[in-house]
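Visitor: I would like to learn how to read a model of this kind, feature by feature. Please show me the entry first.

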Amino acid sequence: MKSLQSYINEGLISDIILRLLDASIAWIGKGLDFIGDNIKASTSELWSTYKDSLKNAGDNPNANKQNPLYNIKNEKEFSKFIIEHGLSAKTFGERLKEIDKVMGSFSEATQTGEDDEMIKSNLHTHTTFCDGKNTPEDVVKEAIERGFDIIGFSAHAYTPTNSQWCLKKEREEAYAKEIIRLKEEYKDKIKILLGLELDYYSEVDTSQCDYTIGSVHYVYKNGKYYGIDSSPELFQKIIDEAFEGDVYAFIEEYYRLVGDVYNKTKCDIIGHFDLITKFNENGEFFDTQNPRYKKAAYSALESLLPENVPFEVNTGAISRGYRTEPYPAKDILQIIEKEKGRVIITSDSHQKETIDFYFDEAKLYAESTKVHIIDEI
Ligand SMILES: [Zn+2]
Ligand SMILES: [Zn+2]
């Protein structure tokens with residue numbers, strides 16, 4: 001009979017370990033990123049790295065010490081956790097049944113085989129603090145009702161364009177206070193995160209935030225900010241007025257900013273990578289197969305991928321009727337997959353009814369490229 005160790009050595013459960021690592025990184029804190037390099041390691045090696053990480057994480061304010069992972073005391077418990085965690089993911093069904101045979105004592109957890117341990121989350125949510133329809137508390141209640149484990153608020157941070165859809169400077173403190181209040185009030189029912197969606201041009205204090213999303217909504221040309229996702233008419237106006245009719249010059253400028261968005265904002269998630277396609281469902285403005293388009297988009301990816309920041313799979317434009325597929329396009333997801341990047345599914349919701357809009361489909365869409373999907377950061 002094969003030992004668990006041999007399954008691990010053959011790489012059969014490296015995917016599970018990968019998932020576990022994602023979870024542990026998020027739960028224990030950001031200080032653990034480096035164990036990601038040890039995905040292929042054996043359980044013992046992994047455990048020894050993990051043990052050290054636990055020590056390092058001791059003083060980390062982001063650490064959630066309630067989490068069972070934080071309390072794993074030895075290699076045996078660590079292996080057991082890997083098995084239990086992995087066995088719950090139905091994606092690995094067949095392989096896991098084999099492992100289950102070997103590890104008979106853990107069989108109970110395997111019989112259901114449902115992904116009931118998958119975390120339901122949405123970290124891209126707007127409320128009445130910016131341009132959303134509902135209060136944060138209404139969104140929290142809805143999220144609890146829909147069985148969410150995590151809900152993150154990501155108000156549009158103040159941007160010098162002073163757009164009406166951004167959080168006002170004078171409301172920043174009230175926003176943070178309210179989310180922190182809700183965190184405490186609902187802590188037994190749901191994990192609530194305080195975030196901000198930073199525009200490339202936002203200059204705000206993020207020290208209270210649990211996370212931020214970095215998004216490009218404007219290009220700046222000839223002393224003027226142009227909002228790229230307002231309407232097809234304005235989109236045409238930008239091409240004509242700022243780029244002398246050359247849509248690809250506009251696209252190149254957009255992706256230049258996207259490629260720099262991590263550098264500029266130090267965000268934790270890359271927001272709607274190809275937002276520029278919002279009004280281009282049927283190729284109305286440009287061809288995404290055009291070499292200039294591809295070159296611009298791919299070079300932005302090239303700048304961002306080494307940062308290891310997850311990209312959104314964002315369903316916002318579908319819920320608002322502009323698009324039939326999430327951002328980003330599949331060829332972009334395929335590159336993210338190939339380069340071992342990660343994605344997180346979000347709905348960019350502006351009302352409580354859409355907090356999990358199109359999530360199942362978005363998951364299938366992303367899974368079809370085999371890209372690594374995470375549930376939390
Ligand atoms: Zn946005
Ligand atoms: Zn948004």
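Visitor: Is Ile-179 buried or exposed?

Guide: Burial is a neighbour count: a residue is buried if 20 or more other C-beta atoms lie within 10 Å of its own, exposed if 12 or fewer, and partly exposed in between, with C-beta atoms placed from the backbone. Ile-179 has 25 other C-beta atoms within 10 Å, so Ile-179 is buried. Ile-179 is found in helix α8, residues 172-185; helices (H or I, at least four residues) and strands (E, at least two) are DSSP runs, numbered from the N terminus.

Visitor: Which residues does Ile-179 touch?

Guide: Contact means that the C-beta atoms of two residues, placed from the backbone, lie within 7 Å. Leaving aside residues up to four places away in sequence, Ile-179 touches Pro-136, Phe-153, Ile-192 and Leu-194. The C-alpha atoms of Ile-179 and Gly-152 are separated by 9.3 Å, with their positions 27 residues apart along the chain.

Visitor: What are the conventions and the status of the model?

Guide: Residues are numbered from 1 along each chain as its sequence is written, and chains are lettered from A and ligands numbered from 1 in the order in which they are written. This is a predicted model, in which local features need pLDDT of at least 70, side-chain atom pairs count only at pLDDT 80 or more, and totals for chains, interfaces and linings use all residues.

Visitor: Where is pLDDT below 50?

Guide: pLDDT is the predictor's confidence in each residue, from 0 to 100. The average for the protein is 82, and 71% of the residues score at least 70. Residues 24-41 stay under 50, and the model has 40 contacts for them beyond four places in sequence. Residues 86-116 are also below 50, and that stretch has 40 contacts beyond near neighbours in sequence.

Visitor: What are the totals for the protein?

Guide: There are 15 helices and 10 strands. Of the 377 residues, 40% count as buried. Among contacts between residues at least 6 apart in sequence, 68% join residues at least 24 apart.

Visitor: How is one face of a helix recognised?

Guide: One takes the arc of the directions from the helix axis to the C-beta atoms. In helix α9 (residues 232-242), Phe-235, Ile-238 and Ile-239 are buried. Seen down the axis of α9, these buried residues fall within an arc of 95 degrees, so they line one face of the helix. The face turned away from the buried side of α9 carries the exposed residues Glu-233 and Asp-240. The cover over the buried residues of α9 includes β6 (224-227) and α10.

Visitor: Which residues of α14 are buried?

Guide: They are Ile-332, Leu-333 and Ile-336. Their arc around the axis is only 100 degrees, which puts them on the same side of α14. They pack against α12, β8, β9 and α15.

Visitor: At what angle do α10 and α12 pack?

Guide: Axes are lines fitted to C-alpha atoms, for helices over the stretch in contact, and angles run from 0 to 180 degrees between N-to-C directions. Angles under 35 degrees count as roughly parallel, over 145 as roughly antiparallel, 65 to 115 as roughly perpendicular and the rest as oblique. Helix α10 (residues 247-259) packs on helix α12 (residues 291-304) at about 5 degrees, the axes being 8 Å apart. That makes α10 roughly parallel to α12. Residues in the contact include Tyr-248, Ile-251 and Tyr-255 of α10, and Tyr-293, Ala-296 and Ala-300 of α12. The contact residues divide into nine nonpolar, three polar and two charged; Ala, Val, Leu, Ile, Met, Phe, Trp, Tyr, Cys and Pro count as nonpolar, Asp, Glu, Lys and Arg as charged, and the others, Gly among them, as polar.

Visitor: Which backbone angles should I inspect?

Guide: Start with positive phi in residues other than glycine. Asn-308 has a phi of about 60 degrees and lies in the loop between α12 and β8 (311-314). With 13 C-beta neighbours inside 10 Å, Asn-308 counts as partly exposed. Tyr-358 has a phi near 65 degrees and sits in the loop between β9 (342-346) and α15 (359-367). Tyr-358 counts as buried, with 20 C-beta neighbours inside 10 Å. Then check omega: the peptide bond from Tyr-327 to Pro-328 is cis, with omega near -10 degrees. Pro-328 is in the loop between α13 (316-319) and α14 (330-338).
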